[in-house]
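Got the viewer open? Let's take a short walk, from the whole fold down to the ligand.

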Amino acid sequence: MTLGGSWGQDRIPAARYDAARDAMHAAHRAGITLFDHADIYIGGDSETVFGRILAEDAELRRDVQVQTKCGIRLPGNTAPEGSPVHYRLDRDTVRSSLEGSLERLGLDRVERLFVHRPDPLTPVAATAAALDELHDEGLIGSVGLSNVTPHHVVAFQHHLRTPVTAVQLQLSLAHRDFVESQVLANHPDGTAVSFPGGLLAQCAAEEIEIQAWGALAGGMYSGAPATGGTAGHGAAALVAELAERMGLPREAVVVGWLLRHPYGIRPVVGTLDPQRIAACAQAPRAAELMTHEDWYALWTAARGRPLP
Ligand SMILES: NC(=O)c1ccc[n+]([C@@H]2O[C@H](COP(=O)([O-])OP(=O)(O)OC[C@H]3O[C@@H](n4cnc5c(N)ncnc54)[C@H](OP(=O)(O)O)[C@@H]3O)[C@@H](O)[C@H]2O)c1
């Protein structure tokens, strides 16, 4: 999302290309081969810079799989200046978004095209028909759905011929609604849980991959400077303690907490720091070493009060 720049910029400064290249090579060295994009990331520049770096390196290009997203219209980015932030999933928008992404990435196809957010004004049948066309033309391998409810998944599956292979939501130690929704039924704490109930079980049952965006929680438990308040201090201390016991970096523990969940969550991490990328790649080992009690202790520390 921030390859070579930061969120909100509309161009990646040329001076940051080397950092982008280093991040991609660090990921490749760590065995990470699926890269997550969107038409809106740095006004499309993340895809452009990624595509340039891919074109320089045949080995990287051979190994890399790319998923991208369409449908969010930001003023001065994918929508004209002065328009409101909106979502648009009609045929022309979906097609032109993907065609723009492919051109910027220098690719003939992407592994998966995500609907970035639902658009209440476009019937799902119309979006599904557009996605099927792109799939029939070999431009997308499958469809992903981001920031959706179980009802969206059912509706898209009903209208699509193309398989839905992934759902992407914000899941992390800082965004724990997905587990809270599993245990806080009929409890006062449950009223504040916004996660769409049943979504993960539905995905697991239908073999739809669950992807966690923001999986590192922005580093709040693994060394990022605190942005005010003491929220997260207890969990950060416990992450450090578990990391020490396991002989692994703190990032591995934070991301490992997601991997320890039985639904097969795939973390999507946004760090560009080569060391942090390598650290995240050790998360499977942290998940192996994490006991049942460790997992609950991390959850409890992050929520800041005991479970009922
Ligand atoms: N589907 C959606 O709606 C959606 C929404 C948002 C994001 N995404 C996807 O999910 C990916 C990950 O999300 P994300 O980037 O928001 O979250 P993230 O992976 O939780 O956080 C990454 C950010 O945290 C910083 N960070 C991590 N550890 C740090 C530390 N110890 N000290 C200082 N900074 C630290 C990183 O900076 P460094 O680079 O310096 O490490 C980076 O800016 C994005 O790249 C994007 O592909 C999808």
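Start with the whole chain in view: with 308 residues, a compact globule would have a radius of gyration near 19 Å, and the protein's 20 Å agrees with that (taken over C-alpha atoms; the rule is 2.2 Å times the number of residues to the power 0.38). Along the principal axes, the C-alpha atoms fill a box of roughly 50 × 45 × 35 Å.

Before zooming in, note that this is a predicted model, where local features need pLDDT of at least 70 and side-chain atom pairs pLDDT 80 or more, while totals for chains, interfaces and linings use all residues. Numbering runs from 1 along each chain as its sequence is written, and side-chain values use heavy atoms, without hydrogens or water.

Switch to cartoon: you should find 13 helices and nine strands (DSSP runs, H or I of at least four residues and E of at least two). Now colour by burial: 47% of the 308 residues are buried, meaning under 20% relative accessible area with a 1.4 Å probe, protein chains only.

Next, select the ligand and the 25 residues around it; Asp-36, Gln-168, Gly-270, Thr-271 and Arg-276 come nearest (a heavy atom within 4 Å puts a residue in this set). Look for polar contacts, pairs of N or O atoms within 3.5 Å. At Asp-36, a polar side-chain atom sits 2.5 Å from a ligand oxygen. Over at Leu-216, a polar backbone atom is 3.0 Å from an oxygen of the ligand. Finish on Ala-224, where a polar backbone atom lies 3.4 Å from a ligand nitrogen.

Technical notes: Polar contact = N/O pair within 3.5 Å; in protein donor to acceptor, adjacent residues only side chain to side chain. Buried < 20%, exposed > 50% of the residue type's maximum accessible area, 1.4 Å probe, protein only.
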